[in-house]
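Reader: I would like a close look at a single part of this model, with its surroundings described in some detail. Please take the packing of the interior and what is connected to it.

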Amino acid sequence: MITLLENERIVSVFRRHHFVLLVTLIPIVGAFFLVLVVAAIAEVRMPSDFGALKPVVFLGAAFFLHLLWLALFITIADFVLDVWVLTDKRMIMVEQKGLFARMVAELDLDRVQDAGVEVNGIIATFLNFGNVRVHTASEREDFVLAHAARPHEVKDTVMRSCAAFRQAHKI
């Protein structure tokens with residue numbers, strides 16, 4: 001849960017590009033259909049001598065489908081809960097690290113020195129996503145929004161907000 005400071009307003013909310021979710025889901029969905037096909041083939045092709053094994057095959061398929069369903073849920077939850085919130089006073093990065101772990105980091109806008117964009121590869125170039133790295137004046141690591149949609153717009157929005165903050169506070 002993000003708690004805003006007094007007189008603080010949200011400027012923008014950024015998320016990862018949907019292509020990243022799609023690429024992550026393809027193996028899970030592929031494995032789901034593979035289990036269904038293997039179970040169907042085993043049901044049809046299994047000789048009548050091994051009739052007692054049919055419930056075991058069904059139970060094994062149901063177990064693996066359940067695991068894949070959980071993997072699908074965790075992947076989508078991780079994607080949806082990863083968020084970068086830019087306010088008029090600070091940046092807040094929320095990164096989900098599994099079902100029961102979350103990292104929340106804050107950065108005051110007066111600490112921002114520079115921001116850069118990394119777009120690697122032809123797919124990222126055509127689909128317009130990449131990493132946005134915000135360099136700070138502190139010893140902490142840079143803030144990185146990985147696989148951000150429209151990274152150049154994200155960088156420009158961050159830098160405009162920093163300039164507005166400095167102008168409002170005469171920094």
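Author: Val 158 is a convenient starting point: it is in contact (heavy atoms within 4.5 Å) with Trp 84, Leu 86, Met 91 and Val 134, when its neighbours within four places in sequence are left aside. The model is predicted, so local features are described only at pLDDT of at least 70 and side-chain atom pairs only at pLDDT 80 or more, while totals for chains, interfaces and linings use all residues. Residues are numbered from 1 along each chain as its sequence is written, and side-chain values use heavy atoms, without hydrogens or water.

Val 158 belongs to the largest nonpolar core, which has 19 residues; Trp 84, Met 91, Val 134, Phe 143 and Val 158 touch the most other members. At least two residues of this core come from each of β2 (83–87), β3 (90–96), β4 (102–108), β5 (112–118), β6, β7 and α4 (151–168). Helix α4 contributes the most, four residues. A separate core of five residues includes Ile 28, Val 35, Ala 61 and Leu 68. Here a nonpolar core is a set of buried Ala, Val, Leu, Ile, Met, Phe, Trp, Tyr and Cys residues joined through side-chain atoms within 4.5 Å. Buried means under 20% relative accessible area, exposed over 50%, and partly exposed in between, with a 1.4 Å probe and protein chains only. Helices (H or I, at least four residues) and strands (E, at least two) are DSSP runs numbered from the N terminus.

Ile 28 and Val 35 are also among the buried residues of α1, together with Val 20, Leu 21, Leu 25 and Ala 42. What covers the buried residues of α1 includes α2 (54–81), β6 (129–136) and β7 (143–149). Helix α1 itself runs over residues 18–45, and its 28 residues reach 40 Å from first to last C-alpha, close to the expected 40 Å (1.5 Å times one less than the number of residues). There is a kink of about 30° at Leu 25, shortly before Pro 27; the bend is the angle between axes fitted to the seven residues ending at a residue and the seven starting there.

Trp 84 also takes part in an aromatic pair, and the structure holds four of these. The ring centres of Phe 14 and Trp 84 are 6.1 Å apart and their planes lie at 55°, so this pair is tilted. Phe 14 is in strand β1 (residues 10–14) and Trp 84 in strand β2, so the pair ties together parts 70 residues apart in sequence. Phe 14 is buried at 8% relative accessible area, and Trp 84 is buried at 2%. Another tilted pair joins Phe 19 and Phe 129, with centres 5.8 Å apart and planes at 35°. Phe 19 lies in helix α1 and Phe 129 in strand β6, 110 residues apart. Phe 19 is partly exposed at 24% relative accessibility, whereas Phe 129 is buried at 8%. Rings of Phe, Tyr and Trp (its six-membered ring) pair if their centres lie within 6.5 Å; planes under 30 degrees apart count as stacked, over 60 as edge-to-face and the rest as tilted.

Strand β6 also holds Thr 136, which is buried at 8% relative accessibility. Beyond residues up to four places away in sequence, Thr 136 touches Leu 107, Arg 111, Gln 113, Glu 141 and Asp 142.
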